[in-house]
Every structure is written in C-alpha cells, then in structure tokens.
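Here's a quick tour of some packing, some empty space and a couple of backbone oddities. Have the viewer open while you read.

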Amino acid sequence: MIHLNLKQPLVLSAQSNVVVGSRLASSSTAAAAARRGGGARRHMPRISCSAAEEAGGAAVSTIAAEKALTVTATVVAQPAIGVMYAARGLDDIGDLLGKTLLLELVSSEVDPKTGLEKPPVTGFAHKTLIEGRYEATFQVPASFGPVGAVLVENEHHKEMFIKEIKLITGGDESTAVTFDCNSWVHSKFDNPEKRIFFTVKSFLPSQTPRGLEGLRKKDLAALRGDGHGERKAFERVYDYDVYNDLGDPDKNPAHRRPVLGGSATYPYPRRCRTGRPRTKADPETERRDGRHYYVPRDEQFSEVKQLTFGATTLRSGLHMVLPALRPLLMEKELCFPHFPAIDCLYSDGIPLPPGGDSYRAIIPRVVKLVEDTTENVLRFETPAMIERDRFSWFKDEEFARQTIAGLNPLCIQLLTEFPIKSKLDPAVYGPPESAITEELLEKQMKGTMTVEQALAAKRLFILDYHDVFLPYVHRVRELPNATLYGSRTVFFLTDAGTLMPLAIELARPKSPTQPQWRRAFTHGPDATDAWLWKLAKAHVLTHDTGYHQLVSHWLRTHACVEPYIIAANRRLSRMHPVYRLLHPHFRYTMEINALARESLINADGIIEESFWPGKYAIELSAVAYGAAWQFDTEALPNDLVKRGLAVRKDDGELELTIKDYPYANDGLRVWDAVKQWAADYVKVYYKSDADVAGDEELQAFWEEVRTKGHADKKDEPWWPVLDGRDSLVETLTTIMWVTSGHHAAVNFGQYHFGGYFPNRPTTIRKKMPVEEGRDDEMQRFMAHPETTLLGMLPTQMQAIKVMTTLDILSSHSPDEEYMGEHAEPAWLAEPKVKAAFEKFSGRMKEIEGFVDECNNNPELKNRCGAGIVPYELLKPFSKPGVTGRGIPNSISI
C-alpha cells in the first residue's frame with residue numbers, strides 16, 4: 001500500500017472538481033468508477049479534464065485545484081511472445097501515442113464527509129525506451145490517502161503480461177511501493193472490465209479498508225463467473241465440473257468412458273469447468289475437439305515452463321518418435337528377446353529415421369546425436385538404481401526396501417489380524433480366506449517366532465492389493481494381451497530394521513465358467529519355486545506401479561488438489577492472507593491436470609495404452625477415491641497412524657513402527673517445518689479462534705471445498721471444522737504437504753525407479769504358468785523361465801512410451817520454485833511473516849543436511865548400503881532436470 005508522503009495533508013472538499021494531471025480520462029472514467037462501486041457511486045464527485053488537456057497534455061481548469069502531489073507509475077510488462085495478429089499495427093500506433101495501458105489509482109479511504117469511495121486518479125501509461133517498461137505520471141490530490149488498488153485497462157488488441165506496478169511519490173525512491181501483479185491482462189476488446197490489482201498488504205474481510213470493499217467483492221464475483229457458456233482462453237473464471245471429458249465417442253465408439261463424479265458408483269473430485277458442448281454420440285460427454293483445454297489464464301505455464309514441458313512435449317514428442325520407431329520394431333506387440341536387448345536402450349539406442357534436430361528439440365534427454373555423425377538415436381539415460389547395481393531389481397532385499405524407500409512408500413501397512421480374510425462378498429468372488437497360512441509364514445521366518453508373536457511384536461507388514469483389484473480381474477483379462485490378479489504380499493521386519501518378503505498370494509475370483517483360483521508363492525529351495533517367486537514378484541510390482549500412478553500420484557495429489565485451487569480463487573480475495581499463503585502451492589497444477597486429461601489419462605491415452613488397467617484405469621481411481629480417500633488422513637502423521645506405521649504417544653509425538661522408514665523420517669521433518677510455518681503465519685492475522693470462525697471468506701472457501709469440490713463426500717464426518725486457529729493450521733498444513741512433500745515423494749523418482757521398466761513394469765501380459773495347469777505352458781516355462789518372464793513384461797513400444805513419459809514427468813523445470821526458497825512479496829511486506837518465512841527457510845536447509853547425514857549412516861540399512869540409491873526424494877532443493885530430489889511448492893508436473 002502506498003501512503004502519499006505529506007506532512008500536512010490537505011482535505012479535498014466533496015463538492016469540488018479536481019484536475020489531476022496529463023492524459024487523464026474524461027468523464028467516462030468516473031462513470032465507470034460509479035458502475036464499479038454500485039448505486040452509491042453515482043453521487044460521487046467526478047474527476048475530469050477538458051478536451052484541450054486531453055489533446056495537448058496541459059493541465060487546464062476553470063476552478064482552483066487542490067494542492068496535488070506528483071506520482072509516477074512504472075509498469076513492467078511484456079506482450080505475448082511470438083504472437084502476430086491483424087491489429088498489431090494499430091497497437092504499435094497506440095504505443096506511439098502513449099496509450100498502451102490505462103491505469104486507475106484507487107484510494108483505500110472513503111470520503112470522510114459523504115462516506116463514499118473517493119474518485120480514482122486515472123491516466124495512460126506510455127511506452128518507454130526500455131523494452132517492456134511503461135510509465136505514467138499522475139497529479140494526485142493531497143488528501144487522496146493510501147493507494148490500495150490499481151486498475152488496469154489494456155488498450156492493445158492482445159493480452160499483456162504485467163509483472164509489477166511501482167508507484168513513486170515526488171521522485172523520492174524511498175516512497176516506492178510495488179504492486180505485485182504477475183498476471184495476464186486481457187485486451188479491452190475481449191473484455192471491457194478493468195483488471196484489479198490490490199496492495200501487497202493482506203487483510204481479512206472484516207479488516208478491508210472501506211475504499212476497497214466494493215472492489216474486493218467485485219473481483220471475486222468476476223472470478224466465479226455465472227456458470228454458463230463456453231470459457232474463452234483469455235478468461236479467469238473458476239468453476240466446477242465432473243470428469244466427463246476423458247472419452248471421445250464421436251471419434252470412436254470404443255472411446256466412451258463413464259462420467260466420474262456426481263454418482264455413488266463413480267464418486268470423484270471435481271475439475272475446472274470449460275463449458276464445451278457435448279458429443280453427439282453421448283450427451284453426457286464433453287466434446288474433445290482437438291483444441292487446448294480451457295484453464296484460467298493465470299494458471300497456465302510460464303513461457304519458460306512451456307519450453308521445457310507442455311502439450312508439445314508429450315503429444316508432439318511421442319507422436320513424432322513412436323511412429324518413426326514402428327517400422328523399425330516391425331510390430332506393435334514385439335517383446336524384448338532377451339535382457340541385453342533392454343540394456344541396449346541405455347547403451348547403443350535405437351536409430352531413428354532422419355528428422356533433423358526436431359527429435360532432440362522435444363525430448364533432448366532421450367534422443368541423442370550419434371558421436372561424429374548427424375544421425376539421431378533413441379537412447380535413454382541409465383537410471384540411478386541400475387547404474388549403481390544392474391541386478392538390484394532382481395533382489396528380494398530391494399523389492400522389500402522400495403516399499404518404504406521407493407516410489408510408492410504410501411501403501412504398506414502393519415498386519416494386525418490373522419488369518420487374512422477378504423471383505424468382498426464370497427457369493428460373488430469366492431471364499432474369503434487367504435492362501436497365506438500360519439504354517440507357511442512360520443516356515444519362512446525359519447522358526448524365529450510364531451505368527452502370533454510376530455503380530456504382537458509388530459513385525460509383520462502387508463502390501464494388500466487383493467480386494468481393490470479382484471473385482472477388475474475378469475474385466476481386465478478381456479482386454480488384449482492383459483491379465484490381472486488380486487494380490488497380497490507379507491513382509492517380516494528383521495532385527496536389522498529391514499523388511500524381508502515372506503509370501504505372495506495371487507488370486508483370481510470365481511466366474512460363471514471357472515472356480516476361484518489362488519496360490520501362495522515363496523522363495524523356495526529349488527529352481528522352479530525360485531522362478532515362480534520371481535514371476536509372482538513381477539505381478540505384485542505391476543499392481544504397485546498401477547496403484548501408485550492412478551491413486552498415490554494422480555488421485556491423491558493432482559485430482560484432489562484441483563478443488564482446493566478452484567475454491568480458493570472463487571472465495572478468497574487476492575488480498576486474503578490465506579490465499580497468499582496457499583497461492584504458491586497451486587502454481588501450474590490446473591494446467592498440468594488439463595494436459596493429463598488431454599494426453600495421459602484420456603481414452604486410448606498413454607496410461608490406458610501402457611498400464612495394465614487399460615480402459616478401466618481412471619475408473620479404478622474413482623473406486624479407490626470412494627473407498628479410501630479422506631481429507632484428514634491426507635495429513636502425513638494421520639496417514640502413518642492409519643496404516644499402523646506409527647503410534648501417537650501420550651505427549652502427541654509419533655513413534656514409528658519401522659524406525660528406519662526413509663519416507664516417514666524425512667517426510668515428518670518436512671511436515672513439522674510446514675506446520676510451524678503455517679502456525680506462525682496464522683497467528684499474525686488471526687488473533688483468536690473467533691477471528692477464524694468469523695472469517696466469511698475462509699468459511700465460504702472451506703464450505704465450497706467440501707460441498708462442491710469434493711461434493712460426493714460432502715456428508716462424511718471426518719471433514720475438519722474451521723472453528724479455530726489449530727484446526728486452520730492443520731488444514732492448511734495438510735493442503736501444503738500434499739502439494740509439496742507428498743507429490744515430490746511419488747513423482748520425481750519415477751525415472752530413477754521406473755526408467756528400467758523390469759523394476760516397475762506397467763503391465764503384465766501373461767498369467768502365471770501354473771494357473772491353468774497346462775502342460776505346454778509349464779514345459780516352456782521349465783525350459784526357458786527367462787523367456788517366460790520377458791514375455792510377461794511390456795512390449796518394446798509400451799516400454800519406450802512409458803520410459804519417455806517418465807523421463808519427462810520426473811524433470812524439474814528451470815523456473816521451479818522450491819519449498820522455503822522464495823518469499824512472496826506479500827510475505828516480505830509484513831515483518832512478522834517475513835521473519836517466520838526466514839525461520840521456515842532455515843529449517844528446510846537443515847533438512848537438506850539431515851537427509852545427507854542419514855544417507856551416509858551405515859546403521860540405516862534402508863538408505864545406505866552397497867549399490868543402494870540414497871533416498872533423496874524429500875531433499876528440499878534441486879537443480880533443473882531429472883535429479884530424483886527437490887520439493888517444489890506445487891504440483892507443477
């Protein structure tokens with residue numbers, strides 16, 4: 001906020017007309033101001049200037065003017081880069097005439113005599129000799145008071161990005177106040193409404209300066225829109241819709257997909273409404289017409305981000321490379337003939353047809369230039385785990401370790417009941433008892449303890465994908481070259497603090513033509529059992545990979561966060577302190593989600609083509625959402641307690657069940673740092689619990705998250721009530737954790753752990769050779785078990801598509817913003833908040849050192865050992881690229 005620096009401010013009479021400097025707006029400006037403030041504004045005094053003044057820039061007035069101060073506004077802006085359009089010439093002329101941007105300075109105060117908003121001071125900003133810089137000079141009445149907002153009208157025919165607006169009074173740099181904008185301003189020819197930019201000082205609704213109350217409400221109303229019509233690219237409207245845009249039945253009847261959200265069958269979080277028309281073939285499905293999805297303008301990628309990731313990267317990149325490979329691979333379903341052929345993807349590569357530099361421009365880490373030639377090859381970087389130990393993926397120790405220090409450390413649970421039983425209907429799926437028996441487990445524990453003793457000592461853990469996948473087994477098996485089981489894997493916690501896999505159960509439910517089939521596999525003493533164990537592990541890894549991508553990653557971060565973003569923009573003013581705390585955590589998420597609906601999770605998209613659920617992929621995530629998602633257990637401590645991986649002691653502190661649990665150890669430190677930052681921040685603005693309960697914008701935001709964003713779960717009892725500072729801090733910390741630490745843990749290691757696809761296969765194409773009891777299958781398996789394994793793994797095309805995708809999705813952009821690295825301007829403007837952020841930043845740096853120390857501690861065998869990749873996914877900072885570390889503020893990829 002800028003305060004005009006007056007020792008003896010003069011009071012402007014409500015009855016006087018005031019002349020306010022060169023290039024000021026005519027009476028139409030005051031009329032627009034009256035419209036902005038509602039009916040009361042019609043009676044306000046009008047600031048005007050004569051035609052002679054408008055033409056020549058000289059201040060002309062027939063009445064005496066109040067003493068005025070000179071205020072200079074500097075606007076740092078840039079037009080859309082590389083955009084050519086028909087009216088560009090007219091815009092250039094406007095720049096020459098000094099009419100690029102129309103600015104209105106709005107006082108925070110009202111007239112003390114009338115109680116009405118003061119007239120704004122208006123003028124044009126002209127282009128300067130410095131590229132991207134515009135200036136305007138205002139003569140501001142001495143009694144104008146603090147400038148609380150700047151309104152901007154873009155006179156160009158194309159949008160313009162405004163970074164900041166700086167106001168300086170009387171040429172004194174010490175008075176400089178910056179309005180942080182970082183926003184696209186639409187052309188007045190697209191929308192005549194001016195953009196509103198508020199001061200960096202934050203206000204609760206009840207504390208809003210009276211002169212800004214009308215603008216605060218007007219801005220929120222504009223962001224909510226009216227819920228009608230198709231959204232246009234330049235708009236900033238946030239609204240809700242169901243996921244009815246994944247299929248394209250007009251293009252292909254087989255691309256029809258169920259609507260997710262709005263039903264008991266397929267409950268789902270809401271996404272941003274685009275308003276596109278419906279398809280002809282299915283009136284419930286939104287039309288996919290090849291155009292880019294609507295995303296509110298300020299949610300879109302920066303141009304730096306667009307250069308490193310965008311629709312062109314996945315869509316154009318894969319669509320360019322894969323067709324070029326098809327003739328070389330001869331057929332779509334071609335498997336790898338032997339493991340050295342897989343290794344060649346990282347050494348020799350696959351030669352690509354001539355394509356110039358276009359391949360490398362799109363996916364530079366994947367497409368290499370052959371040394372001393374101009375030929376391109378598709379050659380992947382060797383993933384870190386294979387670079388350290390090329391056989392690690394084959395080992396039981398690594399299989400178990402990755403459940404707590406790998407890409408999906410969120411699913412392992414403490415086994416608390418035995419025998420293990422299914423909760424599914426036995427009349428539909430068969431007897432509920434597990435094939436994993438007490439005798440089998442005790443044999444694998446080699447008599448060290450009984451199952452009962454192991455349960456009591458909290459030494460048995462389970463990775464349970466039985467009940468969630470069993471209903472889909474027969475449906476997936478109807479898809480070409482696909483199979484599925486329900487699975488359970490039981491682990492034992494050794495004295496060394498590591499996990500040892502004991503048994504794997506694979507199950508097929510009964511059907512009208514077949515009885516239930518289930519079998520438990522162990523790493524037996526002979527070659528046959530040992531190879532069957534390896535095949536069973538491949539199935540479990542595939543189940544874990546699918547659940548990770550669809551639930552732990554997409555659903556729990558991307559999909560479930562989008563409603564928070566929509567609600568925050570609709571209900572929290574830009575000057576609300578909670579909006580300004582959360583805003584960095586929402587950067588790019590809506591854009592990346594829109595791109596996912598376009599190219600990743602859509603019908604016949606990358607996920608459906610390459611992951612085992614096929615066309616049931618996102619439907620399965622809806623089932624998981626309905627069965628398991630709760631807001632309160634998205635908080636890391638609550639999640640650990642729910643899974644039995646931690647116990648809350650009497651003092652409230654957590655005690656981990658597995659002491660060396662890298663994800664939990666690092667994650668809890670990040671959680672504690674975020675929570676302390678949130679608590680310090682909340683205390684600055686909310687002096688009591690009553691302030692939280694009485695914040696109308698905050699309550700409207702949280703009500704909308706529950707009743708609109710997550711409407712299918714609106715009546716659940718676990719939703720927190722924002723009735724005090726503690727509940728607000730816990731809620732904000734949960735949102736901030738999910739967008740930062742949770743997402744980092746499940747995303748940025750995708751290439752490290754999945755880049756060598758046998759370690760995390762995305763699909764298994766064949767059943768276990770012992771399921772059907774067919775002699776020919778068993779004979780092939782007994783003669784060449786390695787060939788059987790290779791035949792189960794993804795095809796060459798599937799593998800290359802997934803590896804390319806994981807490489808892109810694991811990469812940090814050069815403009816990434818990491819937790820604790822950059823303070824928002826509004827935080828710096830408040831000394832107490834600035835101090836709290838500096839403390840938070842310091843704690844994140846301490847976590848860096850803590851992670852390094854743990855990774856070099858030989859006593860922590862789950863993160864330090866021969867050939868083990870150090871666990872760095874929750875190490876806060878990173879350089880650009882695929883690094884396997886770094887916690888960005890937001891779900892930015």
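Helix 21 and helix 24 sit oblique to each other in this predicted model, and the reason is the angle: their axes cross at roughly 140 degrees, while only angles over 145 would count as roughly antiparallel. The axes come within 8 Å of each other, with helix 21 covering residues 662-685 and helix 24 covering residues 725-747. As for handedness, this crossing is right-handed.

If you want to colour the contact, start on the helix 21 side, where the residues include Tyr663, Gly667, Val670, Trp671 and Trp677. Across from them, helix 24 brings in Arg725, Leu728, Glu730, Met736 and Trp737, among others. Sorted by class, the residues of this contact come out as 14 nonpolar, 3 polar and 4 charged.

Now for the empty space. The second largest pocket holds about 1200 Å³. It has 39 lining residues, and those closest to its centre are Gln413, Lys423, Asp464, Ala628 and Lys642. Several elements give two or more residues to this lining: strand 14 (413-414), strand 15 (460-465), helix 15 (527-571), helix 19 (617-628) and helix 20 (636-642). Helix 19 provides the largest share, 5 residues. The pocket lining splits into 20 nonpolar, 7 polar and 12 charged residues.

Moving on to closed space, there are 10 cavities of 30 Å³ or more in the structure. The largest cavity comes in at about 230 Å³. Of its 21 lining residues, Gln549, His553, Leu600, Ile607 and Leu809 are the closest to the centre. Helix 15, helix 17 (589-600), helix 18 (606-610) and helix 28 (796-809) each put two or more residues into that lining, and helix 15 has the largest share with 5 residues. What about charge in the lining of the largest cavity? There is no charged residue there, just 16 nonpolar and 5 polar ones.

The second largest cavity has a volume of about 110 Å³. Trp393, Phe394, Phe399, Lys534, Lys537, Ala538, Leu541, Pro758, Leu789 and Leu793 line it. Here too helix 15 gives the most, this time 4 residues. This lining has 8 nonpolar and 2 charged residues, with no polar ones.

Here are the three volumes together:

| Space | Volume |
|---|---|
| Second largest pocket | about 1200 Å³ |
| Largest cavity | about 230 Å³ |
| Second largest cavity | about 110 Å³ |

Last stop, the backbone. Most residues other than glycine have a negative phi, and most peptide bonds are trans. Two places here are worth a look with that in mind.

Which kind of peptide bond joins phenylalanine 418 and proline 419? That one is cis, with omega at about 5 degrees. Proline 419 lies in the loop that runs between strand 14 and helix 11 (426-429).

The other place is asparagine 481, which is not a glycine yet has a positive phi of about 50 degrees. You'll find asparagine 481 in the loop between helix 14 (473-477) and strand 16 (486-493).

Methods: Residues are numbered from 1 along each chain as its sequence is written. This is a predicted model: local features need pLDDT of at least 70, side-chain atom pairs count only at pLDDT 80 or more; totals for chains, interfaces and linings use all residues. Side-chain values use heavy atoms; hydrogens and water are left out. Axes are lines fitted to C-alpha atoms, for helices over the stretch in contact, and angles run from 0 to 180 degrees between N-to-C directions. Angles under 35 degrees count as roughly parallel, over 145 as roughly antiparallel, 65 to 115 as roughly perpendicular and the rest as oblique. A crossing is left-handed if the near helix is turned anticlockwise from the far one by less than a right angle, and right-handed if clockwise. Contact means heavy atoms within 4.5 Å. Ala, Val, Leu, Ile, Met, Phe, Trp, Tyr, Cys and Pro count as nonpolar, Asp, Glu, Lys and Arg as charged, and the others, Gly among them, as polar. On a 1 Å grid over the protein atoms alone, a cavity is a set of points where a 1.4 Å probe fits but cannot get out, and a pocket is an open set with protein on both sides within 12 Å along at least five of seven lines; lining residues have an atom within 4 Å of a point. Grid points are joined across faces, edges and corners, and a volume is the space filled by probe spheres set on the points.
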